[in-house]
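Please open the model in a viewer and keep the selection panel at hand. The stops below proceed from a single site to the whole chain.

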Amino acid sequence: MISKTDETLGIIGNTAITHALSSSLRDGSLSHAYILIGPSKIGKATLAIRLAQSVNCVVENQGLACLECSQCTRIAAMNHADVEIITPGEEAETDTSTGIKRLKELERDVALKPYEGKKKVFILRDLDDMRNENFNVLLKVLEEPPADVLFVLTANQYEYIPGTVLSRCQKFDFLPVPSFDIVQALTKQEKITEEKAFSLAILSNGSIGWAIEAARDDSIVEQYLRDRSDFAAMLAYDLQGKIAYGEKIANLFWRDRSLVLGQLSMMINWWRTMMLFLQGNRTDVLPEEEESLRQICGSYTVFGIVAAIKKTRDTMDYLNSINNPNPRIAFEALMISIHS
Ligand SMILES: [Zn+2]
């Protein structure tokens, strides 16, 4: 367990970001708005909370959160009147979603004085999901906020964030956390064996948040390995079999969008594993997956895998960015392209 954060702010990986922010916290030169960009479960939300704690902490710790005072603990429990997490892209199809309503209210609320802390902190999560026209609301909110307000925005990628929003924030790009750091964190904090930590580090693909969740809940890994092995088996199906596999996933889209997007990122991870295997890398491959990799990899080239990764990523972007996507057609096209 960490007590009193140091310059890493208690975040695993991405030290260039945490060191830069710690030094701004130390000399009081924090900007009024930040945007943290990177894949999900990589530490963006945790860092946003650490910033909120650091600016409100009442213990002298060089401007960094002590994690123990009443301010820090209340913020960690999200039980603090001046720290709020808003997800403006939630239920983006309707204009009456709580996230958007709340964002509109912020125009008025930023002017209010902090109630129990030193600074009001608004954490605006997952901006990629926000509808285009609502970015104008966000822009107004970000315009000249009072000095006692801090905005921390998060997004998975740049593509859907207008330049006008980006230019009002200081930007930080999160990178996948190296396997070595994940193994160290899991063995130390989660007290799991090195062998298990190593497997999780490989499967997590640099997503420390996923690795921690999986270390605490075996069913997450079991399900993920099952999905990977289903996908690997599907690669040997004929075209009809592949399309049926794609259709099954597509049908889940309107019920559970994030599950479907998760399946696509699982596919990308599997392609990456295949690429490593083809290139002769055995250290980043799970021993239990070697046999099925050996069977599949014969019919793939590195070039083919690169194309498959691109197509899978395009499918993800399409499902993410269009207001009313057609998941069935998207998956059918993906399966046809994988087949060829
Ligand atoms: Zn504190």
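Select Cys66 to begin: this residue is buried, its relative accessible area being 1%, where buried means under 20%, exposed over 50% and partly exposed in between (1.4 Å probe, protein chains only). The model is a predicted one, in which local features need pLDDT of at least 70, side-chain atom pairs count only at pLDDT 80 or more, and totals for chains, interfaces and linings use all residues. Residues are numbered from 1 along each chain as its sequence is written, and side-chain values use heavy atoms, with hydrogens and water left out.

Next, select Cys57, which is also buried, at 5% relative accessible area.

Now add the zinc ion. Its protein donors are the SG atoms of Cys57, Cys66, Cys69 and Cys72, at 2.3 to 2.4 Å; donors are N, O and S atoms within 2.8 Å of the metal (3.2 Å for Na, K and Ca), and water is not among the atoms, so sites may look incomplete. Along the sequence, the donor residues follow the spacing C-x8-C-x2-C-x2-C.

What arrangement do the four donor atoms around the zinc ion form? The arrangement is tetrahedral because the angles they subtend are 102 to 117°, and four donors count as tetrahedral if all angles lie between 85 and 135 degrees.

Finally, display the whole protein. Buried residues constitute 48% of its 340 residues. Along the principal axes, the C-alpha atoms fill a box of roughly 65 × 45 × 30 Å. Of the contacts with a separation of 6 or more, 68% join residues 24 or more positions apart, contact meaning heavy atoms within 4.5 Å.

Terms used. Four donors count as tetrahedral if all angles lie between 85 and 135 degrees; four count as square planar and six as octahedral if opposite donors are over 155 degrees apart and all others between 65 and 115; anything else is irregular.
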